[in-house]
Amino acid sequence: AQQAEIAAAIAANGFKSIVATNAHSDYPATNAGDGDNSKFWHTDWTDASMAPPITITFELDNLYSVTEFSIANRPMQDNTWNGAFIDYNIYSSIDGETFTLEQTVEGHVVDGETKTVVLDQPMITRYIRLEATKTIGNYGSMNQLTYVGTVVDESALETEAPAAETEAEVVETEAPVLETEAPAAETEAEVVEEVNAPQTFDFGVTAVIAAIVSLAGYALTKKH
């Protein structure tokens, strides 16, 4: 029942799932997208190995063109916002397996106010992943993340693939045309060889002609 409530809460805010590299059992990653400002996600502070980089990944309820998102930090405790992101990378993914770095944020101001990040360019994505490389206290935490975007028709993206494949096929069909030029080149080479070939003579024929000329000369000599 509790899991169903969590799923319903994050779904109301446009998420299908929220996972992080680490989370304290009392402060799960889903707290960062359930719309309840009294709760927040926090890494397990009893695990000293859980230092940056720290990631939290939000699976959206559809494919979106996201233009901006906002981060609300956890409430201040002991005069600090432990775990708040200062420097982090923003990744997108359509399939949840291959992630693309879209933008890097450095020097994120942490003052208890919700901060909005406007992306340099819209990202077509089904997942938003934030990878913190610097945080307060080397922990990870977040109150809420919200995003602004418009639903993208996934079928429109799929129709682009066949066009690219067709172009590849056209390029491939050029190969046989190039191959047919080879015989023509060989024929030209043969012609050149024939023209440049040395002229040969039949020496047997030459000997007979010489004998005839010699006999003719002898006959003229006898006549005189």
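The largest pocket in this predicted model holds about 160 Å³ of space. Its lining is made up of Q2, E5, I6, A9, D26, P28, T30, N31, D34, D36 and K39. By class, the lining of the largest pocket divides into five charged, three polar and three nonpolar residues.

Two of these lining residues, D34 and K39, also pair with each other in a salt bridge, with the closest N and O atoms 3.0 Å apart. D34 counts as buried because its relative accessibility of 12% is under the 20% cut-off. K39, at a relative accessible area of 34%, is partly exposed.

**Salt bridges**

Side chains of opposite charge can pair when their charged atoms come close. How many salt bridges does a search of the whole structure find? The search finds four. Among them are the three pairs in the table.

| Acidic residue | Basic residue | N to O distance |
|---|---|---|
| D34 | K39 | 3.0 Å |
| E59 | K16 | 3.9 Å |
| E154 | R126 | 2.7 Å |

The salt bridge between E59 and K16 has an N to O distance of 3.9 Å. This pair links distant parts of the chain, joining strand β3 (residues 54-72), which holds E59, to strand β1 (residues 15-20), which holds K16; the two residues are 43 residues apart. Are the two partners buried or exposed? E59 has a relative accessible area of 14% and is therefore buried, whereas K16 has 54% and is therefore exposed.

In the salt bridge of E154 with R126, the N to O distance is 2.7 Å. Here too the pair links distant parts of the chain: E154 lies in helix α2 (residues 154-158) and R126 in strand β6, 28 residues apart. E154 is partly exposed, at 32% relative accessibility. R126 counts as buried because its relative accessibility of 17% is under the 20% cut-off.

**Nonpolar surface patch**

Strand β6 spans residues 115-135 and also contains I124. Together with I94 and L157, I124 makes a nonpolar surface patch of about 210 Å². Why can I124 belong to such a patch? I124 is partly exposed, with a relative accessible area of 34%, and patches take residues with over 30% relative accessible area and no salt bridge, so I124 passes the area cut-off.

Strand β6 therefore carries both R126, a partner in the salt bridge with E154, and I124, a member of the nonpolar patch.

Note on methods:
Residues are numbered from 1 along each chain as its sequence is written. This is a predicted model: local features need pLDDT of at least 70, side-chain atom pairs count only at pLDDT 80 or more; totals for chains, interfaces and linings use all residues. Side-chain values use heavy atoms; hydrogens and water are left out. Patches are made of residues with over 30% relative accessible area and no salt bridge: like charges are joined within 9 Å, nonpolar side chains (Val, Leu, Ile, Met, Phe, Trp, Tyr) within 5 Å. Accessible areas come from the Shrake-Rupley method with a 1.4 Å probe; for residues, only the protein chains shown count as cover. A salt bridge is a side-chain nitrogen of Lys or Arg within 4 Å of a carboxyl oxygen of Asp or Glu. Helices (H or I, at least four residues) and strands (E, at least two) are DSSP runs, numbered from the N terminus. Buried means under 20% relative accessible area, exposed over 50%, partly exposed in between (1.4 Å probe, protein chains only). On a 1 Å grid over the protein atoms alone, a cavity is a set of points where a 1.4 Å probe fits but cannot get out, and a pocket is an open set with protein on both sides within 12 Å along at least five of seven lines; lining residues have an atom within 4 Å of a point. Grid points are joined across faces, edges and corners, and a volume is the space filled by probe spheres set on the points. Ala, Val, Leu, Ile, Met, Phe, Trp, Tyr, Cys and Pro count as nonpolar, Asp, Glu, Lys and Arg as charged, and the others, Gly among them, as polar.
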